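Below is a colleague's note for someone opening this entry for the first time. Please keep the structure in view while reading, since each point is meant to be checked against it.

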Amino acid sequence: MTAPTTRRRGAVLTQAIRQAVLDDLADGGYGSVTYEGVSRRARASKPVLYRRYPTRAHMVADALLGDLRTRRMEPQKPTGPLRADLHSLFSLVVAPSRMVGARVLRALMGEADDELASLIINGDQRPAIDMLLSIVDHARGRGELGPSPIPRPALLAPVGLLRTQVLEEDMPPGYLDEVIDTVAIPLYRLWSHNQAEQ
């Protein structure tokens, strides 16, 4: 028997729907999430769900991104050393993928339209980029990096590697540290000293 729907609006209804989606994901993965199941768990009518979410992918993405926003801590101000600051920031970058796992993320991406896929992959990059620029500036001030500018593609290359990895498979232990130690720090040092040594 289907539980009766409850008249709720705004943030209360949104939270109930998001929690229902997360519960379905936890119980059976992406394939178990349906409008009918979420309607039953959230005690919200299916027409309400269809009005809010044009596809299942939109419904799942909203739940995952909403959950992440409530859990996510703002990055601390850079305090050094460079490696510790990068580890703190990059951990936040990969948090959504670590939270749901590669299998759910790939299934979601398979149903997402271009706009939704870009939101899932990139999110709001501006805070992360601003934080990365701040980390680099503080590292320069401490003498860990040179004075030359680091081109944007080089600056974001480690982030791209991390995001590619989490789409392919769950991130193995130590991979984030490996990217920091073998890609990010050497690349940033190379470019930051590039013009100064010419």
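1. In this predicted model, helix α11 bends by about 30 degrees at D181. The helix takes in residues 175-192, which makes 18 residues, and from its first C-alpha to its last it reaches 24 Å, close to the 26 Å expected at 1.5 Å a residue. The buried residues of α11 are Y175, L176, V179, I180, A184, I185, Y188 and S192, and a reader who follows the helix may wish to mark these positions together with the bend at D181.

2. As for the chain as a whole, its secondary structure comes to 11 helices and zero strands, so that a reader should look for helices alone, in the pattern α-α-α-α-α-α-α-α-α-α-α along the sequence. Of the 198 residues of the protein chain, 41% count as buried. The accessible surface comes to about 11100 Å², and 53% of that area belongs to carbon and sulfur atoms. Among contacts between residues at least 6 apart in sequence, 70% join residues that are at least 24 apart.3. Which residues have the most contacts inside the largest nonpolar core? They are V21, L25, V38, M59, V60, L108 and I120, in a core of 31 residues. The elements that give two or more residues to this core are α1, α2, α3, α4, α7 and α8, and the largest share, seven residues, comes from α1. Apart from this core lies another, of 28 residues, which includes V94, Y175, L176 and I180; of these, Y175, L176 and I180 are also among the buried residues of α11. As general background, nonpolar side chains in soluble globular proteins tend to be buried together.

4. Two residues of the chain deserve a look for their contacts. Leaving aside neighbours within four places in sequence, L25 is in contact with Y30, S32, V33, V60, L64 and V104; V60 is, like L25, listed with the residues that have the most contacts inside the largest core. D24 lies in helix α1, residues 10-28, and with the same kind of neighbours set aside, D24 is in contact with G29, S32, V33, T34, G37, V38 and R41. Is D24 buried or exposed? D24 counts as buried, because its relative accessibility is 7%, and buried means under 20%.

5. The salt bridges of the model come to nine in count. One of them joins D27 and R41, with the closest N and O atoms 2.2 Å apart; this pair links distant parts of the chain, since D27 is in helix α1 and R41 in helix α2, 14 residues apart. D27 counts as exposed at 60% relative accessibility, whereas R41 is partly exposed, with a relative accessible area of 39%. D23, D24, D27 and R41 are linked in a network of salt bridges, a network that therefore includes both the buried D24 and the exposed D27.

6. A salt bridge is also formed by E111 and R56, the closest N and O atoms being 2.6 Å apart. Because E111 lies in helix α7 and R56 in helix α4, the pair ties together parts that are 55 residues apart in sequence. E111 itself is partly exposed, with a relative accessible area of 38%.

7. Where does helix α11 take part in a salt bridge with helix α5? The pair is R83 in helix α5 and D177 in helix α11, which are 94 residues apart, and their closest N and O atoms are 3.2 Å apart. R83 counts as partly exposed at 32% relative accessibility, and D177 likewise counts as partly exposed, at 27%.

8. Two features of the backbone call for a check by eye. A cis peptide bond joins G80 and P81, with omega at about -5 degrees, and P81 is found in the loop between α4 and α5. Phi of R43 is near 55 degrees, a positive value in a residue other than glycine. R43 is found in the loop between α2 and α3 and is partly exposed, with a relative accessible area of 41%. As a general rule, most residues other than glycine have a negative phi, and most peptide bonds are trans.

How values were computed. Residues numbered from 1 in each chain as written. Predicted model: local features only at pLDDT ≥ 70, side-chain atom pairs only at ≥ 80, totals over all residues. Heavy atoms only, no water. Helix = DSSP H or I, 4+ residues; strand = E, 2+ residues; numbered from the N terminus. Expected span 1.5 Å × (residues − 1). Bend = angle between axes of the 7 residues up to and from the residue. Buried < 20%, exposed > 50% of the residue type's maximum accessible area, 1.4 Å probe, protein only. Contact = heavy atoms within 4.5 Å. Areas by Shrake-Rupley, 256 points an atom, 1.4 Å probe, with all protein chains shown as cover. Core = buried A, V, L, I, M, F, W, Y, C linked by side-chain atoms within 4.5 Å. Salt bridge = Lys/Arg side-chain N within 4 Å of Asp/Glu carboxyl O.
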